[in-house]
Structure formats: structure tokens, C-alpha cells
Amino acid sequence: MKFRTFIATFTLFLIVFFSSLFFISVFIFNNQMNIIKERGINEHYFISSSFGKDLMAIVDRGGNLDDALEQLFNFYTEYYQKQGVFLELLSQGKIVYSNLPERSSELTSYSIESGIRKAAFHHIDDRVYFKIVGELPGTDNRFSIQYLHDISDNLKTWQKTQRILLLVGIIFTIILAASLQLILSRVFEPLDMVSTASRKIANGQYDDRIIVSGRNELAEMAGSFNNMAEEIQRRITQLAEASEQKQQFVDNLAHEIRTPLTSVYGFAEYIQKATISDEEKIFAASYIMSESQYMLNISNRLLELATLRNQLIKMKVVDVNSLFEHSQKSLAAKLAENQISLKWKIDIDSLYGDKDLLQSLLVNFTDNAIKACNPGGVIVWNAYIENGCRVLSVQDNGWGIPQNEINKLTEPFYRVDKSRNRAKGGVGLGLSICEQIAHCHNAVLSIESLPKVGTTVKLTFTSS
Amino acid sequence: MALILIVEDEMPINILINRNLELVGHECVSVYDGEAVLEIIQKYTFDLILLDIMLPKMNGYEVLEIVKEMDIPVIFLTSKSSLSDRVKGLTLGADDYIVKPFEMLELQARVEAVLRRTNKEQRSFVLNNIRIDLDGRQAFLNNELVDITPQEFDLLVALIRNRNIALSRERLLRLAWGYDFEGDTRTVDVHITKLRKKLGLDNYIKTVYKLGYRLEMLD
């Protein structure tokens, strides 16, 4: 682009510049030639008329014509030779007298007509003459005067001028080339930066930006480019995060499936190949059953999650009191087993949503709370209004969750316990399902936790 | 006979490994978290540790650093299957790396291999009036040398190493004849018959219906 602009501008300049130089020199030359012609014609006229008058005067006084001719010719030539003008006296096309230093053998071949003068350029050896031929008045067309003005020097001067013009032209061309290059570099600098930056972006370096200076269109473009780069980087980061999350999901799922599969396969192999007692057989089979059950749970929960994702729920008014009562019934056994007490506080009568899904959500939260509490722990359900929004919360006084784990809790299969032991947990999909349920209700799920103080899970309904 | 520590927090898998290794004559101790290892290695001298990586309280890498100082061979047992995890495990000094899910026979084979490398494997094997010298590749019946062919001896070793476990004819072919042997499974039957006859093992080498053979010796 830059190179092409350079070549185009440069060529245009060369054409315009040199043609104007050419025209100027031609104009000067023509001008000079016209002056020379004018002068020559004038002088020829002057010489021939005065020559003719003088000649006539001498002849009238009874002088010899030939002597007079020579005398007069010498007189005139002496004077004009100083000015680079040579004269020739012709008689019927033949040279009678001439003061040209080296006269070539050629003869003037044109005929002289009365009252007509002819002008022409004449080359003799390496010199150029401006030649005018015209009759000598008063000689009845017998004699004519040839006027030869040596213009070689003029031509040489012109050639010199031409050379100087060419030299000046070349110097200017060089200066122009250099300054054009400089200007174009400056003009194209932002474009170069854009192309470098876009190449880097194409290669995966998304943090490259262009330094914007000035307020012209290019700076504006650089600004837009930066915005674009920013946006691309943001999107790419998002994609990378999403793909990482997916990878994490796949890894986790693989682990969740592999572990029970290992036991199932192992115990089946054990029954098939080992010498074992009936009691041992029952023991192994019971493991196969419980592990299969676990895998069944995973598949059910995953299915639940997938269904929730594509489902539009039917929203109805849900009575909070009955929601809490129903939920408590399904949790009663577990609460008693873990010696945990459940309390609730209701400031709002109703919520808007799907009762079954809300109950499943409440049970899920409470299930987690039970797992987090020591015997004697207290769990509080609360329904109230905060900043104009209805809020449902589950609070426990359990172990709490480390701060950096909180935002990962809703990832499928995520476990705070790094060993991923299943002894205390379910399949690790509960909170993912809860988040999906919240999403279906246009509600926001937030978790606050302090280690050793407890955790509060809050569901804030934004639409009702 | 080796004393093996199994560190695995998944109860079913821990028990499964324990039972299988005891079947072939090893003695096993099971623990379910990383910290318990530190205590138990003070009490016993283990020949081998099967170590899970993702463990409660203390992960497998941390446990490895400690047991390595005591010069106990370790086999990592994990569901982390990526190349980088394997490389990390092995460069940290584990003797082997087994990825879940695994087959018990493979686990046993790898356990035997590590024990063999660390010279902790069984050198001889006694069954009633039969004694087999695994180093010298000799078998004695009532203290008298029995003339058995090298191929029969290899088959016998395969059966002893996987005692109490049924081995298919195909697996026996692989174990005793080598991986690339593509023989008729009838060959196995012929050799088994000879072994039974020569060492009087009729009551010990059992034919398992539709499966293969098993050397039974319940202690």
C-alpha cells in the first residue's frame, strides 16, 4: 500500500515536473529564436537597404560597381563581424564575396525573387547560422545579400540551460523522493501498527494495542482497532473459560463414573474368578449393587439438569408456609439422624414459581447445610423482602466454605473436598441443579460463607 | 508373600484390592486417608504401598515424599490419567502408575513386577508335600526333584502367582507362553494335565466351568 502510494505519487510528480521543465525550456528556446529571427530580419533589412542606397550613391557618382561592391561589403562586414554576423554577396545564386571563415563548397541553391526574403537555419560544419537571403535593392535583382548570424553560442547556452534544468530536476526529484518517503512513513505509521497488531492477534497474542496519537481519521481507526482487539480478547477469554469449565466437567464426570465402575468391574471379576464363600459373594454383590445405584443417581441427576435447561416452567403463586412444611417433612428423618434442629421465619406469604422445583431447591440447600453441620447445629429458613425483591435463604452454623471455593460450588461435580470422596456427599450435581432452578425462576443464587461460622445461601427473585 | 499397604479413600475399591491381593497370598493393611499412613508405617515394615493421589487430609504426592525416604516402593493408583499426571507421578519417584479403572489381574501383575524389581518377591512356594524353588526353577515332591519341562514350569509359576484366581486358557497362554504365542488353547489343557500328574495336583488345579483353571489353596 505504502509502496504503491509512493510509486504513484512519485511517477505523477516526475511526469508533471519534467514535462513542465520541458515546456519551459522549449518556450525559452522558441522565444530566443524569435528574437534572433526578428533581429536578423531587421538587420538584414537595414543592411540591404543601406547597402543598396550606398551602392546607388557610389554608382551615381560614377564609381565602379564592382569596386564599390567590394568596398561596401568590406565596410559592412567589418562592423557586423564583431556581433557574430557574417554577410555574403550573391550574384544569381553564386557567392561573390563572403566573410565566413570557412566556407564549405556548397552553394546556396535557392533563387532570389524580387521583394521576397527567405530565412532558414543553415549548418556549416559544426556551426549553426541563421540565414536570411534577400535581394539587394537597386541592383535589379542582380545581387542579393545573404545574412548569416552565428547562433551556435546561443544554442550552446540553451543546451547548457537544458542541462542545468535537468540537473535541478534530478536534485528536486531526489529531494522529493526522500521527503515523500518520510511523509508516507509518518502517514502510514498507524496503518503499519494496525497490520503488525492484527498479525499478532491472528497469532494468538491478544493483548497487543496501538498507541493512539493525534485526532485524525487514522487515530480514530487505531482507536476502533483497539476496541476490537479488546472485544476479541474478552470473547476469547470467555471461550477459554467456558471450554476449561467443560473440560473440568468432562474430567469430573469421568472420575465420577470411573470410580464406581472400577468397583463394579472389580467385584464382578472377584465373584467370577476367585474361590470365595457364599458370604463373600453376597458382600461383593452388595457393593456391585450400591455402586450401580450410585451411577444411576448420577445419570438421573444429569438428566434432571439437562431437562431443566430446556424447560420453561409454569409459574404459580406458591404459599411459603406450605412450601416450608412440605420440605421439612421430607427432611425430618435426616435432621433427626444428624441431631440438627430446623427453624424458620416468614415475612412474606407467597412466592411466584414452581412449587416442586422450589421444594427440591430448598431440600438440596438444606441437605448441604446438614452435611456442613456438627450434631447440635441449627439451620434457619428465611423468607423476606430485601431491596424490594423477595428472598429465600437457608442459613447454617456449620464449618463454612473457603472463600475461593464459593464461586465454583455450582460447577457440576465440584467438591470442596479435594479427595472427591463420596462417603459424605451425593453426586455433586445438587448445586448445579439448584442454580438451574434459580435460573428458571429468574432468580439469583448467592452464597455467603465464613469458615467456622456458617454458610448462608440466598435466592433473590428479581422478577416478582 | 509381601506386606502391602493400601491407601485409598474409596472404601469399595480399597476393600476390593485388599481381598484380591490376599487371595494370592499377600498380607494387606488398608487405610483411608493420607495422615493415617504416617502412623501405620511406624508400626510395620511394608514391602509395597498402593497409593491413591486424591486423598483426604494429605494427598498422595505428599505421602510419597515421606515414604520415599523410608525406601518403600510405591505404586500410584489414580483416576488422573493425563500424560502430565503420569509423568509427574513417575518423576516424583513412584515405581508404577495405575489408572482407574483397572483390572485386578493387571494390578496383581504390576504388584508382582514391582516386588520382583525390588527383590521382595517370593522365592519359594510350599503346598503340602510340594516345594517349588522359583529361583532355581525346580519342583520337589516329597523332597524329590520332579522332572518338569521349562514350559510346564512357566505355567506352574503363572498359576502360583495368581493362585485362587481363575485364569482363562487365553490368559494362561499369554502368561506362560508369552504375549505373541498364538497357540491352540488345547495346548494349555495338555500341559495342565501333565502338571497335575507329575506333582499330584489333581485336587489343587481346578477346572473352572467355562473359564479356565485355578490353583486353589485356601489357607
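Which residue just after H5(B) takes a positive phi? In this predicted model, that residue is Asn119(B), with a phi of about 55°. The legends below start from there.

**View 1. Helix H5 of chain B and the residue that follows.** H5(B) covers residues 104-117, and its 14 residues should span 20 Å at 1.5 Å a residue; the end C-alpha atoms are indeed 20 Å apart, so expectation and model agree. Look along the helix for its buried residues: Met104(B), Leu105(B), Leu107(B) and Gln108(B) are among them, as are Val111(B), Glu112(B), Val114(B) and Leu115(B). Just past the helix sits Asn119(B), the residue with the positive phi.

**View 2. His44 of chain A and its surroundings.** His44(A) lies in helix H1, which takes in residues 2-60 of chain A. Is this histidine buried or exposed, going by its relative accessibility of 1%? His44(A) counts as buried, because 1% falls under the 20% cut-off. Leaving aside residues up to four places away in sequence, His44(A) touches Ser49(A), Arg117(A) and Ile132(A). The list of contacts continues with Val133(A), Gly134(A), Ile145(A) and Tyr147(A).

**View 3. Strand E9 of chain A with its partners E7 and E10.** Strand E9 (residues 378-386) runs parallel to strand E7 (residues 341-346), and 6 bridges join the two. To find your place in this pairing, pick out Lys343(A), whose bridge partner in E9(A) is Val380(A). E9(A) also pairs with strand E10 (residues 389-396), this time antiparallel and through 8 bridges. Here a handy landmark is Ile379(A), bridged to Asp396(A) in E10(A). E9(A) and E10(A) make a hairpin with 2 residues between the strands. In that turn, Asn387(A) has a positive phi of about 50°.

**View 4. Two annotated segments of chain A.** An unreviewed UniProt entry carries the annotation "transmembrane region" for residues 6-29 and 164-184 of chain A. In the model, residues 6-29 are 100% helix and 0% strand, with end C-alpha atoms 34 Å apart. Residues 164-184 are likewise 100% helix and 0% strand, and their end C-alpha atoms are 29 Å apart.

**View 5. Chain A as the setting for the close-ups.** Chain A has 8 helices and 12 strands. Of its 464 residues, 39% are buried. Among contacts between residues at least 6 apart in sequence, 64% join residues at least 24 apart. The accessible surface of chain A is about 26,800 Å², with 57% belonging to carbon and sulfur atoms.

How values were computed
Residues are numbered from 1 along each chain as its sequence is written. Chains are lettered from A and ligands numbered from 1 in the order in which they are written. This is a predicted model: local features need pLDDT of at least 70, side-chain atom pairs count only at pLDDT 80 or more; totals for chains, interfaces and linings use all residues. Side-chain values use heavy atoms; hydrogens and water are left out. Two strands pair if DSSP finds at least two bridges between them. Helices (H or I, at least four residues) and strands (E, at least two) are DSSP runs, numbered from the N terminus. UniProt positions are given in the numbering used here, feature names are shortened, and annotations may be inferred rather than shown by experiment. Buried means under 20% relative accessible area, exposed over 50%, partly exposed in between (1.4 Å probe, protein chains only). Contact means heavy atoms within 4.5 Å. The expected span of a helix is 1.5 Å times one less than its number of residues. Accessible areas come from the Shrake-Rupley method with a 1.4 Å probe; for residues, only the protein chains shown count as cover.
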